[in-house]
Amino acid sequence: MIIQLKPYAGKPALDKLVQVLAADGIAYERLDIFAGDVYILVGIKGDTSKLNEDKFTALAYVQEVHRISDPFKELSRQFHPKGTAFKLANGHKVGAELTIIGGPCAVESEGQLMKSAKLAQEAGANVLRGGAFKPRTLHRSFQGLGEEGLKLLVQAREATGLPVVSEIMDARDIPLFEKYAIDIWQVGARNCLNYTFLDALSQLKNPRPVMLKRGDHVTVSEFLGAALRLYDGNPQVILCERGDKTPDKVYRNVLNLNNVAYLKQNYHLPVFVDPSHGTGVRKLVPDLSLAGIAAGADGLMVEVHHQPEKALCDGAQSLSREFKELVPLVRTIYALRHGR
Ligand code: PEP
Ligand code: MN
């Protein structure tokens, strides 16, 4: 960490800063070589990851505080060049092989879930999705079946052998997600920066893999900060890109493929892409699925419904038969990128 004093602040400012540093036992070095006459730079020695930089930025004579090391270094490929991988109950290795998640936005009924699950499985999905708790914009619209939805997911898991992913919206539902042994716990875009909730998930005794969806407008740094919170207690974290809101009314969201490539290149957690929420438009989902995998994603999550026109939630962005045509293309792109 380098602390840059205000121009011409001079020795009086340096003396004051030295007192602040000495009070906390922080080792430092004055970096005159780079400073010239105008600026004084002070380099902080040792591990600075736990230092609160605001303490220095708040000082009247400090111009700027520069962090040199990556604040998310535990997630960085610099120290962990190999990507993180972990196994699900069916032996599928997230991060080491292509993960294809298919299934309805919401679990609506036994018949709907079973038909949609079979469709997704026949198409080649290796994980089944289905929301039991739905974060709907309008509280009067379908909110999901709650615990009943989780029970139906367990039935579908038994019938298909596919592990299941479902969104947990509230720490009060943790016992239910444990009871039904939900294989991947989804933290939705709306909860991406809900720190008390993330901490509760991170502090579980036997945490399950968590798929963290980036909130629209959540920056890469905020996203990584949220992921690191989870990772501190649970190394099985998946980063999922699902798009930003833009003023454009043509799309519900715009899938941010920059993030897919950037996160994959620089960090070791598995990166998934969700072109269903990332576009909101059924016809765009296949092309953006391919683009997401081409950009480096380890996994794809697509909403699949046996009758999208009758869906209680997100029918306009759900695929049905088209999913069967999409999966082999996705596999081909993945194989081209990864040489397998
Ligand atoms: C979902 O995946 O069902 C969902 C609600 O997604 P998001 O949190 O990305 O809006
Ligand atoms: Mn949805």
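Which strands does helix α5 (residues 147-160) lie across? In this predicted model, helix α5 lies across β8 (127-129) and β9 (164-167). Its direction runs at about 165° to β9. A second helix, α11, packs on the sheet as well. Helix α11 touches β13 (271-273) and β14, and its direction makes about 165° with that of β14.

The overall make-up comes next. The protein has 12 helices and 14 strands. Its C-alpha trace spans about 75 × 40 × 40 Å along the principal axes. Of the 340 residues, 51% are buried. Among contacts with a separation of 6 or more, 71% involve residues 24 or more positions apart.

Eight strands close into a barrel. Their order is β7-β8-β9-β10-β11-β12-β13-β14, and the pairing is parallel. On average, neighbouring strands of this sheet are turned by 25° against each other, direction ignored. Strand β10 (residues 184-187) and strand β11 (residues 210-213) run parallel and are joined by three bridges. Here Trp185 stands opposite Val210 in β11. The next pair, β11 and β12, is also parallel and has four bridges. In this pair Val210 stands opposite Val237 in β12. Val210 thus has a partner named in each pair: Trp185 and Val237.

Strand β12 (residues 237-241) is largely enclosed by the rest of the structure, because five of its five residues are buried. In a regular strand, side chains alternate between the two faces of the sheet. In β12, Val237, Leu239 and Glu241 point one way. Ile238 and Cys240 point the other way. Residues on both sides are buried, Glu241 among them.

A manganese ion (ligand 2) is bound by four residues. The donors are Cys105 (SG), His277 (NE2), Glu303 (OE) and Asp314 (OD), at 2.0 to 2.4 Å. Along the chain they follow the spacing C-x171-H-x25-E-x10-D. Two of them, His277 and Asp314, link distant parts of the chain, 37 residues apart. His277 belongs to helix α10 (residues 275-279), whereas Asp314 sits in the loop between β14 and α12. Both His277 and Asp314 are buried.

Helix α12 (residues 322-338) has 17 residues. From its first C-alpha to its last it reaches 25 Å, close to the 24 Å expected at 1.5 Å a residue. Phe323, Leu326, Val327, Val330 and Tyr334 are buried in this helix. Seen down the axis of α12, these buried residues fall within an arc of 105°, so they line one face of the helix. The face turned away from the buried side carries the exposed residues Glu325 and Leu336. Cover for the buried residues of α12 includes two strands, β7 (99-103) and β14 (299-303), and two helices, α4 (110-123) and α11 (285-294). Two of these elements, β7 and β14, are also strands of the barrel. Just after α12, Gly339 takes a positive phi of about 65°.

A separate set of strands forms an open sheet. It has four strands in the order β2-β3-β1-β4, with antiparallel pairing. The edge strands are β2 (28-30) and β4, each of which pairs on one side only. Neighbouring strands are turned by 20° against each other on average, direction ignored.

The pairs can be followed across this sheet. Strands β2 and β3 are antiparallel, with three bridges between them. Tyr28 has Ile44 as its bridge partner in β3. Helix α1 (residues 10-23) packs on the sheet, where it touches β1, β2 and β3. The direction of α1 makes about 145° with that of β1. Strand β1 and strand β3 (residues 41-44) run antiparallel and are joined by three bridges. Within β3, Val42 is the bridge partner of Ile3. Strand β1 (residues 2-5) also pairs with strand β4 (residues 62-66), in the antiparallel sense and over four bridges. Gln4 stands opposite Glu64 in β4.

Technical notes: Residues numbered from 1 in each chain as written. Chains lettered and ligands numbered in written order. Predicted model: local features only at pLDDT ≥ 70, side-chain atom pairs only at ≥ 80, totals over all residues. Heavy atoms only, no water. Expected span 1.5 Å × (residues − 1). Buried < 20%, exposed > 50% of the residue type's maximum accessible area, 1.4 Å probe, protein only. Arc of directions from axis to C-beta. Contact = heavy atoms within 4.5 Å. Donors = N, O, S within 2.8 Å, 3.2 Å for Na, K, Ca; no water. Pairing = 2+ DSSP bridges. Axes fitted to C-alpha atoms, helices over the stretch in contact; angles between N-to-C directions.
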